[in-house]
Amino acid sequence: MTPPSRSELRDHLIATRIAGDVATSRENNLDHYRSLAERDPYYHLGLTFAQPWSYRDVLALMAKSAGVSPDPAHRTGQDTIDPDRTIEALDEMGARIGAALAGGRPRLLFATGHPTGLLTVHLSLARFAVRHGAKLLTPGEGWAYSPPYHGRTRRVRYLDGVAMLDDHGGFVHTHDPAPMEAMLGRLNGERPDLVIADHGWAGAAGEAGHLTVGFADCNDPALFLGEAEGKIAVAVPLDDNVLPRYYRPLTAYLISRVTQAL
């Protein structure tokens, strides 16, 4: 696919609600910001924070980093992601991936908690990286556990080098950092030069000190806090669960930015 121009991508992000007026409600956003400020570990996505991040602090950061409404009195209805911030973060992510690929034969680690949405972006990036000399790490394949909030055994599985969580034959949505923590414990000395991930997969990698770039929705503030504290290199704000085909122009734009950095 021919990469869109910046203005074309901006229009596409708004039209498909990847950014602009997104599907995530203001109520949901504020509930998650409050839960993070109250130190609910589920919303930390595997990260710890040095700053005391109050509810107002989280909201202010999300307004700056993702483009949600900064008004604390706006408590219901529509919320937004700034499409220009999305594109700026894609530029930054592309530069990071390009720098890794330009350094020789980098070791990359891909993972997603969104097999019905962001998987298509990760697969395209992983295949592009392999064509440009990257080695995709696949530690911990088959590692299994029973999340306390589900009870069923789930396993780490890879599809074309992208890690996901499998539940009896189906890849599942997860925010849990435990699978990435297990994978990082099974690297056998092959430290990744870059991790490309989302949700707890990205949070756990950043917490462990690995160079990490990730995608995050406006109701998942932890990666943006991690970015502010230097544990996440880039957090790209977007709706992380629109129709997979809607991400094609975004992916083409991102890969064009990676290519420019090579």
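Nine helices and eleven strands make up the protein chain in this predicted model. Its radius of gyration is 17 Å, close to the 18 Å that the globule rule gives for 262 residues, so the chain is as compact as a globular protein of that length. Here's a quick tour, starting with the whole chain and then going down to single residues.

**The chain as a whole**

- Along the principal axes, the C-alpha atoms fill a box of roughly 50 × 45 × 35 Å.
- Of the 262 residues, 56% count as buried.
- Take the contacts between residues at least 6 apart in sequence: 67% of them join residues at least 24 apart.
- The accessible surface comes to about 10,600 Å², and carbon and sulfur atoms account for 48% of that.

**The nonpolar core**

- The largest nonpolar core has 87 residues.
- Y33, L108, L125, M180, I196 and F215 are the ones with the most contacts inside that core.
- Leaving aside residues up to four places away in sequence, L125 touches I97, F110, I196, F215, L254 and I255. Two of these partners, I196 and F215, are themselves on the list of residues with the most core contacts.

**Helix α1 and its two sides**

- Helix α1 spans residues 6-16, and L9, H12, L13 and T16 are buried in it. They sit on the same side of α1, because they cover an arc of only 100° around the axis.
- Flip to the other side of α1 and you find D11 and A15 exposed.
- What do the buried residues of α1 pack against? They pack against α4 (83-102) and α9 (248-261).
- Right after α1 comes R17, whose phi is positive, near 65°.

**Salt bridges**

- Side chains of opposite charge can pair when their charged atoms come close. A search of the whole structure turns up twelve salt bridges.
- R10 pairs with D84, with the closest N and O atoms 3.1 Å apart. This one links distant parts of the chain, since R10 is in helix α1 and D84 is in helix α4, 74 residues apart.
- Neither end of that bridge is buried: R10 is partly exposed, with a relative accessible area of 30%, and D84 is also partly exposed, at 25%.
- E207 and K231 form another salt bridge, and their closest N and O atoms are 2.8 Å apart. E207 belongs to helix α7 (residues 199-207), while K231 is in the loop between α8 (222-228) and β11 (234-237), 24 residues away.
- Both of these residues count as partly exposed, E207 at 28% relative accessibility and K231 at 25%.
- E92 bridges to R85, with 3.4 Å between the closest N and O atoms. Here E92 is partly exposed, with a relative accessible area of 34%, but R85 counts as buried because its 13% relative accessibility falls under the 20% cut-off.
- R6, D91 and R257 are linked in a network of salt bridges.

**A histidine in a loop**

- Where is H114? H114 is in the loop between β3 (107-111) and α5 (119-131).
- Is H114 buried or exposed? H114 counts as buried because its relative accessibility is 5%, and buried means under 20%.
- Setting aside residues up to four places away in sequence, H114 touches L119, H173, D198, H199, D240 and N241.

Notes:
Residues are numbered from 1 along each chain as its sequence is written. This is a predicted model: local features need pLDDT of at least 70, side-chain atom pairs count only at pLDDT 80 or more; totals for chains, interfaces and linings use all residues. Side-chain values use heavy atoms; hydrogens and water are left out. Helices (H or I, at least four residues) and strands (E, at least two) are DSSP runs, numbered from the N terminus. Buried means under 20% relative accessible area, exposed over 50%, partly exposed in between (1.4 Å probe, protein chains only). Contact means heavy atoms within 4.5 Å. The arc is that of the directions from the helix axis to the C-beta atoms. A salt bridge is a side-chain nitrogen of Lys or Arg within 4 Å of a carboxyl oxygen of Asp or Glu. A nonpolar core is a set of buried Ala, Val, Leu, Ile, Met, Phe, Trp, Tyr and Cys residues joined through side-chain atoms within 4.5 Å. The radius of gyration is taken over C-alpha atoms; the globule rule is 2.2 Å times the number of residues to the power 0.38. Accessible areas come from the Shrake-Rupley method with a 1.4 Å probe; for residues, only the protein chains shown count as cover.
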